[in-house]
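Opening the notebook on a new model today. I want to look at helix packing first and then at charged pairs.

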Amino acid sequence: MRFSVNWLKQWVNISDTPEQLGEQLTMAGLEVDATQAAAAEFSGIIVAKILSTEPHPDADKLRVCEVDSGSGLFQIVCGAPNARAGLIAPLAVVGAVLPGDAVIKKAALRGLESNGMLCSSKELGLAEDADGLMELPKDAPVGTDLREYLQLDDTLLELDLTPNRADCLSIRGIARDVSAVCGADFIAHEIATVAATSERVLKVKLEDPAACPRYIGRVIEALDASAETPIWMIEKLRRSGVRSLGPLVDVTNFVLLELGQPMHAFDLDKLAGGIVVRRAEAGEKLVLLDGSEAELGADLLVIADDNGPLALAGIMGGETSACDHNTSNILLESAFFDPAVIMGKSRRFGLHTDSSHRFERGVDPGGQIEAIERATGLLLEICGGQAGPVIVAESIENIPQRSPVALRLARINKVLGSNLQAGDVEPILQRLGFNIETTAEATAEIWSITPPGARFDIEIEEDLIEEIARVYGYNNLPTRMPAGSIPAPILPEREISLRRMRQAMVANGYTEAINYSFVEHRILNAVDQGERAYALANPLSSDMDVMRTNLLAGLLLSLDSNQRRQRERIRMFELGNVFVASTVKGAAPEQTLCLAAVASGSVVPEQWAEKSRAMDFFDIKGDLQRVLALRGQDDVEFVSTNEYAWLHPGQAAKLVVNTETIGWIGAIHPQVLKQFKINNDVFAFEFNAHKAQKRELPLAKNISRYPAIRRDLAIVVSETVSYAEIMRVIRSTAGDLLADLGVFDVYQGEGVEKTCKSLAISLILQDVSSTLKDEIVDSIINDVISALEAQLGARLRGK
């Protein structure tokens, strides 16, 4: 919200400098994002009048103008297409300094002397574009300094408002806050009721009173289509970042900025029948004011007549009923729409209008008649005409009402750690426009506070305490150290902490990434996980329209971004929630905490001690195993699978704990990488973090004092048999005497069938109570060999 300090001073009696005002507003929660002058620096520019013009004898596009400066006549050579006799325009006299420090001097243009320069608004830094000279009102006093005439010695402040402060999307709303923050008097502007001079009305029907509980209209006829917006209004609009488009549009924009109520003007002669506020019907289309065609759905609210939709309610008007330079009869609209109905609808069409910005956040449900009276008065003053009676269509039971909130002085002081008195609290609330009813009890001061209609953010006592704190001044509140003890966290022994998981990933060389929970549906489809995506009713943007069903998609986007910035070796992980749409209609999405990682590039950073090698499946598997080893249990199985479409066949496995799948690991499929524009191989894993946290209660075990015995087996099995299957058979057969086992060689080649592989496995046997005898060890080894042969078809190599 950008506004002029001079305009603000018409609503609140302040003497603070713009810098002081900006500081106070920021400290009160209305952050001033930018401060700038209302006009660029220039001097020596006066209001002048062109008395006559003649063609330049040697240039077709130049005209020789006789100009009255108020203190004499000057000859000015000008090339502006709108230079004409009687025009009032800015004149830069000889010696004037334009923006950019350009000094005006006497000059000869094609042989004729020019004693100054007639200026456009662009040349004065008042506009980005200009088609000719800046045209001033006919009653502008000739000879007056332009800065003085337009009151350009002004400062503009731009507020970065949070969504809950829609009440400050108007000059009046800001003035209320400034009055409280600066302790200045609020200047109330009485808006006069305009008496009807015509009987013309239009029938208005509310088909969806919950979506639009109040619709105020007014017919104004016989407007002067040639009327011009007064310069004071043009300047106020310009300083608020709004371009002048003619009186009909300018007045509605002015009221929006002044009072915060969006309005719209329909060309009355283009309407058929009455006005109906209804939901759009399937298949309806509407050409909007910007020329785009909107395909309407049943969730959209429209303003319609007997022929069909006229406007998207609260967003933008339609082209068929738009006012133009020939419009003389209009219907003014001032309505209240339920914010939930308007929210997010404009972004569906790539729009963000001043109206939708306010209606999405909520406008004062009681300000519509006041706004239409203000607009009527301004239009009649500028364009003349005859106003009909105010048309009111409303559903009282659906209009939001602000409920009183109980406020206790004792509670204020307890929350803020302050020692405020009633005399400190009441003036703050009164200046903010709150209605106060006081009741005194035996032990405490209690108020019943009713917030203004535009303060949708005030619902509970803490909201009021926040208002008091920010206006009283956070710097004025006492500074105290927190009191009390902080209990030590209880860490369950049957699970490992998420912090330890993070630390383990960092120790493996991974960097933690934090991505949005909102992603584009297309991205989820790229990794074949978009089927049960939960769609957002009000997405921040078109590329954040659903909630993520996995962490992989966001990590692949981050990996691609890093690769495009010349990072070749990338290791990233993320710990966060994923969301899957519930199978129960209308239910909240199912939420799961997951940990995922992606890795690409060489195994180790470039160095002299070790030769560079590209990462493979077993490298990332080792990284994952080191994280899962925190559980102190070797119960996670890596089961080969081809059921995940986003993983490369033959390089994919699912993580299984006690027959339950908790995640997956593998190489990302080349077709998926192509959609993300990633050229290098990428390996990844993702698992349910909560399920991976669980572990058996750690128990102390005796350490054997007796020597261990190692036996090595070289077995030949089918190449389709995994080591996990072999390990499971050995463990179940060897029993508790098996202290450890591992594979130390894998061979395929001469002497081994093409469809088989040879594995060399070490078995460490040890007893905690005695030294193992060879007979016992030999028996166990024979049982293991028999079990491997029977269950997996294995045989000892060389047999």
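Below are my entries on a helix pair, a covered helix and some salt bridges.

**Entry: a helix crossing**

This is a predicted model, which I keep in mind throughout. I started with helix α2 (residues 18-27) and helix α4 (residues 171-182), whose axes come within 10 Å of each other. I read a crossing angle of roughly 95°. Angles of 65 to 115 degrees count as roughly perpendicular, so I put α2 and α4 down as roughly perpendicular to each other.

Which residues make the contact between α2 and α4? On the α2 side I found Leu 21, Gln 24 and Leu 25. They meet Val 178, Val 181 and Cys 182 of α4. I sorted the residues of this contact into five nonpolar and one polar, with no charged ones.

**Entry: helix α5**

Next I checked how covered helix α5 (residues 231-239) is, and noted seven of its nine residues as buried. I had an eye out for charged side chains here, and the buried set includes Glu 235, Lys 236, Arg 238 and Arg 239. Ile 231, Met 233 and Leu 237 are buried as well.

What do the buried residues of α5 pack against? I listed strands β1 (2-4) and β12 (155-160), plus helices α1 (5-9), α3 (146-150), α6 (247-259) and α10 (368-383). Just after α5 I came to Gly 241, which takes a positive phi of about 85°.

**Entry: salt bridges**

My count of salt bridges came to 43. I looked up three of them.

Arg 470 and Glu 467 pair up at 2.9 Å, N to O. Both sit in helix α13 (residues 461-472), three residues apart, about one turn of the helix. I have both Arg 470 and Glu 467 down as buried.

For Glu 520 and Arg 522 I got 3.4 Å, N to O. Glu 520 is partly exposed, at 24% relative accessible area.

Arg 626 and Asp 623 form a salt bridge too, at 2.5 Å, N to O. They are three residues apart in helix α17 (residues 617-628), so about one helical turn separates them. Is Asp 623 buried or exposed? I found Asp 623 buried, with a relative accessible area of 7%, whereas Arg 626 is partly exposed at 46%.

Last note: salt bridges that share partners join Arg 165, Asp 167, Asp 177, Arg 455, Asp 457, Glu 467 and Arg 470 into one network. The Arg 470 and Glu 467 pair from α13 turns up again in that network.

How values were computed
Residues are numbered from 1 along each chain as its sequence is written. This is a predicted model: local features need pLDDT of at least 70, side-chain atom pairs count only at pLDDT 80 or more; totals for chains, interfaces and linings use all residues. Side-chain values use heavy atoms; hydrogens and water are left out. Axes are lines fitted to C-alpha atoms, for helices over the stretch in contact, and angles run from 0 to 180 degrees between N-to-C directions. Helices (H or I, at least four residues) and strands (E, at least two) are DSSP runs, numbered from the N terminus. Angles under 35 degrees count as roughly parallel, over 145 as roughly antiparallel, 65 to 115 as roughly perpendicular and the rest as oblique. Contact means heavy atoms within 4.5 Å. Ala, Val, Leu, Ile, Met, Phe, Trp, Tyr, Cys and Pro count as nonpolar, Asp, Glu, Lys and Arg as charged, and the others, Gly among them, as polar. Buried means under 20% relative accessible area, exposed over 50%, partly exposed in between (1.4 Å probe, protein chains only). A salt bridge is a side-chain nitrogen of Lys or Arg within 4 Å of a carboxyl oxygen of Asp or Glu.
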